[in-house]
Each structure stands twice: as C-alpha cells, then as structure tokens.
Amino acid sequence: MNSFKKFVTDNLLPLVEMPGQYIGGEWNSVTKNHNNVDVTIAMAFPDTYSIGMSHLGIQILYGLLNERSDVACERVFAPLVDMESLMRKHKVPLFSLETYTPLKEFDLVGFSVQYELSYTNVLNMLSLSEIPLMASERSETDPLIIAGGPSALSPEPLADFIDLFLIGDGEESLLQFVELFKKIKQQGLSRTEKIVALAQTLKNVYAPSLFDVFYHDDGTVKEFRPKLPGLSLPVRGATVKDLNTTYYPVRPVVPYVKTIHDRITIEVMRGCTQGCRFCQAGMSKRPTRPRTVENVLKLAEQCYQNTGHNEISLASLSISDYPFLHPLMEQLNKVFCKRHVNISFPSLRVNEQLVLLPSLLNTVRKSGLTLAPEAATQSLRKIINKNITDEDLYKGVEEAFRQGWHVVKLYFMVGLPTETDDDIDAIAKLALAVSDLKKKVNGSYGQVNISIAPFVPKPHTPFQWHPMVTMQRIKEIKARLFDKIRRKCIHIKFHYAERSILEGIFARGDRRLGKVIFMAWQDGCKFDAWEEHFHFQKWLDAFQKAGIDWSFYAHRARKDDEIFPWDHISCGVVKPFLAHERQSSINAEITPDCRTDECPDCGSCARSTNYCSV
C-alpha cells in the first residue's frame, strides 16, 4: 500500500459514511502499473459512487479502454460532503479508485455528463483535483479535460471548463481518440497543439476554445466561427452501427456497497423511432439497432457467471419495440428462472402488445409494472406524437393485476405545449381508473405510484423552439392534482419545480452561462439534483451577479429561423425534420414509426461511421 493510500484509509475513511465507496478493489475492477502503459485516463462521473456505478455507459467505457494493453482507465466519483470536507481539511486531492492516483497526474480526465444539474459537480471535482477550473488557465502539466454523454449535445454552458467534447456513442469514438492522443503525446506537442490536432482530425470532437461565438443585439446567437483552418462544422456525433459486434462488458465491476441498481443491465436495442417530440434520446440515438436473441443470451450468461447478480434488466428506450421480445423472454425465463434470477424491464410502451407482457414477465419477483403514458388525453398525445390509447393501457394493467402484480407506476409530464386544465384533470381520472382495475380483479384498490415531471424542452427535438411554462403554473398544476387525487393507495411524486426550471435553462443555454455556473459553485452549489443539497436562491443570486436574465433561456419562445447554441453539433437528425415535426405537432398530426411506415427523412440513417477527416 502506497503512503498516500495509507493516509487516506487510516485518517479519512474511518470518519465517513459508507467508506466502501472510496476503497476500490471491487470484483472485476482492473489495476495497471502506469509505468507500463502509454495513456492514462480517469473516467469521472460527477455524482456519487452509488449512482455512477449503476450507469451502464461507465461500465462499457471502463472495460473497453482497459482491454487495451497500452491504456490504464480508472474510475472516480464525486465524494459526498463528509468526505470532501476531510479531503479539503487534510489537503488530499481527488484520486482514482484503482491506484489512488491524484487526478492531476493522469493524461486525460473524462467526465460522463448525464444531466444538467451535475454541472457544479464537474467544477467541484476539478477543484478537489487541484486542476484549474477554467480551460484557459491550465498549464502544460495539467491533464486534458474531456466530456461526453447527453449533455455534450448542447455543450456551450460548460465551454469554459472543458477542453474537448466527444459527441455521440463512446464505444465508436473513444478508441480512435485515445489512439490519436497516444501518437500526439509521443510527438511531444504542447497542450494547445494536442487540442488542435484532436479537433482537426476527429469529426466528432468539439474544442470550444477554438471557436468564437457572436451574438445579435437581442442576445441570440449570430454565428459560430472557427479560429483556425481545418475545423469543420457541424461536429458530427459518432454512432455504433451494429450492437452485436460492438464491445460489451461481460465482466462488469461488482460494487462492494449498495448502489441504485444492483443488477446486470443488458442493452437489447439502441435507438427509438417512435418519434416522441419531447424526447432527446429518441431523436439523437436513431436509428434502431437491435441485438439478436442469441447475442443477448450469450451476454446474459457471461455476465451472470462473472457477477452472480440475481437480476437482469433488459435496457432499451422502448423495450416493447424490440422485435424479438417474445422469443427472448421465453429463452431467458427458461435459463434463469431455475436459478432464481429475476428478469426486469424499464418502463413499457403502451400498445396493443401490453396485455401480453405481464405473462412474459412472470418471473421470480413481481416488482411494480412501470408505464409511461406521458399525457392522459388523446388530444395532447397527438401533440407529443404518443400514439397510444387508454384501452390498451387498461387491458395491460388488468392483465398485470391478474398475473399477481400489486403496484403500477405511471410517468406523466405536465406543462406540455397546448396543455389545459382538462389535460391535468385527466391524469387524476386515469390514475383512479387504473387503481379501480385491481378492485375488478380481486376486490381491493390497486396501488398506483404517479411520477410527474415538468416538461423541459430539449435541444435536437421538435419542441426545442417551445418555452417552458412558468414556475407558478407548475405549482398550480401540482396543487390541482393533489386536490383531485385523495385515494390513500395512490401516491404522487412531483418533481421539484425550481430544479426543472434550472434544468431547462442549462439544457438550451449558451456559453455565457458558464459564469453563472462558476458563481453558483463558488457560493456552495453542488449535488443540485439532490433535494437536500439544492439551493435555488443561490442560483438566482448567481444569475443576478452575472447580469443574466434566466427567463431569456427558460420562458422565451424561439424564432423559426433562430440559430441555436447547439446547431453546430449534429446528432444525425436534421433541423428541417425537427421543424416539420414541430408543425405536425401544431396540426395535431401523428407521425408513424418509420420501422413500419414510410421514411420521414430525419437524416439519422445517413450518418457515417468514419470519424477521421484524414
């Protein structure tokens, strides 16, 4: 044990809650000698260990990079407040789990940024690492700070802090990035020269420092202009062509402490073409790419042998649309039921097949059945392109109750375009009707858990032009629903309005918001996604100090021809298609799924998998 690790384990870990999250050495983790590799990278997740270790993307990239003999990839998560306090008190820099190496000693620090409210955690982790927060202030001895994940699709709010963004699927792009970095590192290039070389060569890499942004007098974006030749726009997101041939971590790291999802997760299909107009993932992850049944079974068996987990979750944006779901479930049940391994789904799409799914899920443990109607009236469903019916929902839920399920969870959004009080009241009516279905089956009301989130317009969606509803309106909706639903077995979880507003601001923000993030972090903001740590007034103060009107980002309808702060980033779906879908929404027209209907020319199928410009 090195002296640094001994100091931490002797003096810090005995004083913190759940010290196991800072120890490392878990089953299937990988430790390498840094002297025997060419590139070292710290995979940083700007939230706690329990959340980060539940994220499939981290497991994929960690395993993918460590398969290379010339790369050492290690993990680091945001320390909780008690650990951070001790680290700052004893001047202990943030370190990796595998070798307790301070982050500032790595070649690369890569942040997986999944959510806008983790931005201050990125800054806090850099601060704890003794790495300058501002990219412009970093020296030759500092690592390159890279970032990927959903937030990279709208990277400008973090532009001041990140050297390079990797856009799109990491499995497809990260190996190319590391290989090129290895070459330019051996050439002895300066820090700036490395950034330029990476951005000029790789089409899915965006370096904010190499572009100037100009604004109109009204505050909207006028132009993105490269500072050097050889920098092309848009920056194109990488995409995996075939899930069956891409890397998958069959030896995932098994945590020693409790995590949010303590299970095997297998992605059976990537992408979704249902076309929900609010869904960024559904737009940016097109087209659909399913795994074969044989491939899923092989991965499930290997992961089980290497972990011993007693649950397998089949992940997909729309699991009901997986084309081989019935034969897959038959085979999984045949293999794993006798081992008492549970098979679970994420939220299910409501369609005519829903009535058949409860019997397919008749496995070891009947947890709650999760459905995402999103809206409770047919008129509003047409607006958001959610082509579902109450009849299909009721049939599926009734069958679930007959099969022994006791709890149904329903997801809804409020504040959607054109929404009225009647649409809100319909949520209450639908929840009560679902609860009534169990009484029809066995004489007692069914438990229904409702999760309600304010609608946040996201980049690269048909609703990116829409304003958010006001905080006052969100709170009125909340009060109305709690007044309408008074049955004890129906529970409502309503997302915090202030956090949703903040999410909306940064989802569609520009790089001027960097000063707001910095000032909020200076004032103590971190773990903003956690209710007990969230301080909205500090954020309001930060906006005031920065001289920025936050309503400009949250509550303003965008002009038809406005240049957005993310228009220089391409996820495949083209803006004319999004504009057409926006008009279809205004006309209350349903756009059918292109897997079963005509091609809508969204642009995603034309994406190339060649990401080098040379």
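Strands here are DSSP runs of E with at least two residues, numbered from the N terminus. The model is predicted.

## Exercise 1. A positive phi in a strand

Place Glu374 in the secondary structure, give its phi, and decide whether it is buried or exposed.

**Solution.**
- Step 1: Strand E15 spans residues 369-374, and Glu374 is in it.
- Step 2: The phi of Glu374 is near 70 degrees, a positive value in a residue that is not glycine.
- Step 3: Buried means under 20% relative accessible area. Glu374 has 12%, so it is buried.

## Exercise 2. A positive phi in a loop

Repeat the analysis for His340.

**Solution.**
- Step 1: His340 sits in the loop that runs between helix H10 (325-336) and strand E14 (342-344).
- Step 2: Its phi is positive, near 60 degrees, and His340 is not a glycine.
- Step 3: Exposed means over 50% relative accessible area. His340 has 55% relative accessibility, so it counts as exposed.

## Exercise 3. Two cis peptide bonds

Find the omega of the Leu233 to Pro234 bond and of the Arg286 to Pro287 bond, then locate each proline.

**Solution.**
- Step 1: Omega is near 5 degrees from Leu233 to Pro234, and the bond is cis.
- Step 2: Pro234 lies in the loop between strand E8 (221-226) and strand E9 (235-236).
- Step 3: Arg286 and Pro287 are also joined by a cis peptide bond, with omega about -5 degrees.
- Step 4: Pro287 belongs to the loop between helix H8 (280-284) and strand E12 (289-290).

## Exercise 4. The buried face of H17

Which residues of helix H17 (residues 514-522) are buried, and how are they arranged around the axis?

**Solution.**
- Step 1: Gly514, Val516, Ile517, Ala520 and Trp521 are the buried residues of H17.
- Step 2: Viewed down the axis, these buried residues fall within an arc of 165 degrees, so they line one face of H17.
- Step 3: Their cover includes helix H5 (119-128), helix H16 (497-507) and helix H18 (536-546).
- Step 4: After H17 comes Gly524, with a positive phi near 105 degrees.

## Exercise 5. The two sides of H18

Sort the named residues of H18 into buried and exposed, and say what covers the buried ones.

**Solution.**
- Step 1: Phe536, Trp539, Ala542, Phe543 and Ala546 are buried in H18.
- Step 2: These residues cover an arc of only 115 degrees around the axis, which puts them on the same side of H18.
- Step 3: Exposed Gln537, Gln544 and Lys545 are carried on the face turned away from the buried side of H18.
- Step 4: The cover over the buried residues of H18 includes H5, helix H15 (471-484), H16 and H17.
- Step 5: Gly547 comes just after H18 and takes a positive phi of about 70 degrees.

## Exercise 6. Buried residues and their contacts

Locate Ile162 and Asn66, classify their burial, and list what they touch, leaving out residues up to four places away in sequence.

**Solution.**
- Step 1: Ile162 is in the loop between strand E4 (144-148) and strand E5 (164-166).
- Step 2: Its relative accessible area is 2%, so Ile162 is buried.
- Step 3: With that sequence exclusion, Ile162 touches Val122, Ala135, Arg138, Ile145, Ile146, Ala147 and Pro208.
- Step 4: Ile162 and Trp405 are 243 residues apart along the chain, and 47 Å separates their C-alpha atoms.
- Step 5: Asn66 lies in helix H3 (residues 56-66).
- Step 6: Asn66 counts as buried, at 10% relative accessibility.
- Step 7: With the sequence exclusion applied, Asn66 touches Val30, Lys32, Val71, Ala72 and Cys73.

## Exercise 7. The whole chain

How many helices and strands does the protein chain have, and how compact is it for 614 residues?

**Solution.**
- Step 1: The chain contains 20 helices and 19 strands.
- Step 2: Its radius of gyration is 24 Å, close to the 25 Å from the globule rule for 614 residues, so the chain is as compact as a globular protein of that length.
- Step 3: Along the principal axes, the C-alpha atoms fill a box of roughly 70 × 65 × 50 Å.
- Step 4: Buried residues account for 59% of the 614.
- Step 5: Take contacts between residues at least 6 apart in sequence: 78% join residues at least 24 apart.
- Step 6: The exposed area is about 24700 Å², with 51% supplied by carbon and sulfur atoms.
- Step 7: The chain has 72 positive and 72 negative charges, and their mean positions are 3 Å apart.

Key
Residues numbered from 1 in each chain as written. Predicted model: local features only at pLDDT ≥ 70, side-chain atom pairs only at ≥ 80, totals over all residues. Heavy atoms only, no water. Buried < 20%, exposed > 50% of the residue type's maximum accessible area, 1.4 Å probe, protein only. Arc of directions from axis to C-beta. Contact = heavy atoms within 4.5 Å. Rg over C-alpha atoms; globule rule 2.2 N^0.38 Å. Areas by Shrake-Rupley, 256 points an atom, 1.4 Å probe, with all protein chains shown as cover. Lys, Arg positive; Asp, Glu negative; His and termini not counted. Charge placed at Lys NZ, Arg CZ, Asp CG, Glu CD.
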